[in-house]
Amino acid sequence: MTTRLASARSLAVASVAVLAAASLTACGGSTASAAGKGSITLYSGQHEQTTQSLVSAFEQQTGIKVNVRYNDEDTFADEIVAEQKHPRADVFYTENSPALDYLQNKGLLAPLDKSTLAVTPSQYNSPQGDWEGISARVSVIIYNPSLISASQLPTSVLQLASPQYKGKLAFAAGETDFQPIVTSVARTYGQAAALSWLEGIKANAGSRSYPDNETIADEVNRGAAAFGVVNQYYWYRMQAELGAGAMHSKIAYFAPKDPGYVLDVSGAGVLKSSKNQTDAQKFVAFLVSKQGQQIIAQGISYEYPLDDGVTTTAPETPFAQLQPNPITIPELGDGSTAISLLGKAGLL
């Protein structure tokens, strides 16, 4: 699923509601299917392959039909706000936590069952218990060794704005995956420093400003850009799709605990307005069940399952060995600070 910031949250929610209704019809969904017995409507900002594998297994196990809509998580968050009087979604599944935090702050999420919340380590869940962490990924540097050596790579995220990287950096300002990094930098160094940093990144990226992480990974791999910052699973998925012989890029990490070394949590929550609370709660519980977590661990998503008892089968750095910035889920917030700073820097 490509995650692009289709609209800032300052867009009029009335316009979003119109788009939501049109999109729902186009996707074959309906209010009737969402409200029908034994069915739920899922708004998913997660990658389609990951979501579909989980949905298929859940439907087979429970007999509950899941009507899925796919879009960017920020767009869905706006739609859910716009649809309050005529709610359609039962469950919201995201790639990153800020969109869930945004809805939680508006009081639109229902408390999850305590037994479900207990499955995932508490630091990856909403402190209020309104949404749950499902899987995780970590930011890395993807680079092309023919254009830049490992020793020339930045070790700190602040160095992305250094003039030495002008014309070398690939960048995707509209990626919701990038928002937690911006928030991390702002909390560490202050908003003024973060804004200056973003302006430096804008100058360095120039024409190599891309719509999403998939494009960054592809451009770096084929030698059109020297390096960029993506979540680790983009590189592993590209390797699985292209084969080792077609991989001309590698990945590296920022220095341990650097503000650019961010662990992002994918999560899910039940909408308070859902008319199918029991089935919706069952779906979130399935996502963190052994079966759900093993689907994530053994599938092609290359994300890290968050159940302590399940580990990924992918040949990537073990979850326990990661050394990200110790920023907490509450500190990552709802993404509004990052969106504001990106806008001020002229990147949105």
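**Exercise 1. Establish how much confidence the predicted model carries along the chain, and where that confidence is lowest in the terms given here.**

Solution. Begin with the chain as a whole: in this predicted model the protein chain averages a pLDDT of 89, and 89% of the residues score at least 70. Next, turn to residues 1-36, over which pLDDT stays under 50, although the model has 77 contacts beyond four places in sequence for this stretch.

**Exercise 2. Describe the overall make-up of the protein chain in terms of secondary structure, burial and contact range.**

Solution. First count the elements, which come to 14 helices and 10 strands in the protein chain. Then consider burial, for which the cut-off is under 20% relative accessible area; of the 348 residues of the protein chain, 57% count as buried. Finally, look at the contacts in the protein chain with a separation of 6 or more, where residues 24 or more positions apart account for 77%.

**Exercise 3. Explain why strand β5 is described as largely enclosed by the rest of the structure, and identify the strands to which β5 is joined by bridges.**

Solution. Step one concerns burial: strand β5 covers residues 132-143, and because 12 of its 12 residues are buried, β5 is largely enclosed by the rest of the structure.

Step two takes the partners in turn, with a residue pair for each.

- Strand β9 (residues 263-271) runs antiparallel to β5 and is joined to β5 by 6 bridges; within this pairing, S135 stands opposite S266.
- Strand β10 (residues 304-305) is likewise antiparallel to β5, with 2 bridges between them, and the bridge partner of S135 in β10 is P305.
- Strand β7 (residues 227-231) is joined to β5 by 5 bridges in an antiparallel arrangement, in which I142 stands opposite G228.
- Strand β8 (residues 250-252) shares 3 bridges with β5, again antiparallel, and here Y143 stands opposite K250.

Step three draws the pairs together at one residue: S135 of β5 stands opposite S266 in β9 and has P305 as its bridge partner in β10.

**Exercise 4. Characterise the largest pocket and the second largest pocket by volume, lining residues and residue class.**

Solution. Start with the largest pocket, whose volume is about 320 Å³. Of the 14 residues that line the largest pocket, Y124, L263, P324, N325 and I327 are the closest to its centre. Strand β9, already met as a partner of β5, and helix α13 (329-332) each supply at least two residues of this lining. Sorted by class, the lining of the largest pocket has 11 nonpolar, 3 polar and no charged residues.

Continue with the second largest pocket, which holds about 160 Å³ of space. The closest to its centre, out of the 13 residues that line the second largest pocket, are P305, D308, V310, T311 and F319; P305 is also the residue in β10 that bridges to S135. The lining of the second largest pocket has 9 nonpolar, 2 polar and 2 charged residues.

**Exercise 5. Locate the largest cavity and determine which element gives the most to its lining.**

Solution. A search of the whole structure finds 1 cavity of 30 Å³ or more, and the largest cavity has a volume of about 120 Å³. Of the 15 residues that line the largest cavity, the closest to its centre are F178, I181, N213, V229 and V230. Next, assign the lining to elements: β6 (169-170), α9 (213-221) and β7 each supply at least two residues, and β7 gives the most, with 3 residues. By class, the lining of the largest cavity divides into 10 nonpolar, 3 polar and 2 charged residues.

Key. Residues are numbered from 1 along each chain as its sequence is written. This is a predicted model: local features need pLDDT of at least 70, side-chain atom pairs count only at pLDDT 80 or more; totals for chains, interfaces and linings use all residues. Side-chain values use heavy atoms; hydrogens and water are left out. pLDDT is the predictor's confidence in each residue, from 0 to 100. Contact means heavy atoms within 4.5 Å. Buried means under 20% relative accessible area, exposed over 50%, partly exposed in between (1.4 Å probe, protein chains only). Helices (H or I, at least four residues) and strands (E, at least two) are DSSP runs, numbered from the N terminus. Two strands pair if DSSP finds at least two bridges between them. On a 1 Å grid over the protein atoms alone, a cavity is a set of points where a 1.4 Å probe fits but cannot get out, and a pocket is an open set with protein on both sides within 12 Å along at least five of seven lines; lining residues have an atom within 4 Å of a point. Grid points are joined across faces, edges and corners, and a volume is the space filled by probe spheres set on the points. Ala, Val, Leu, Ile, Met, Phe, Trp, Tyr, Cys and Pro count as nonpolar, Asp, Glu, Lys and Arg as charged, and the others, Gly among them, as polar.
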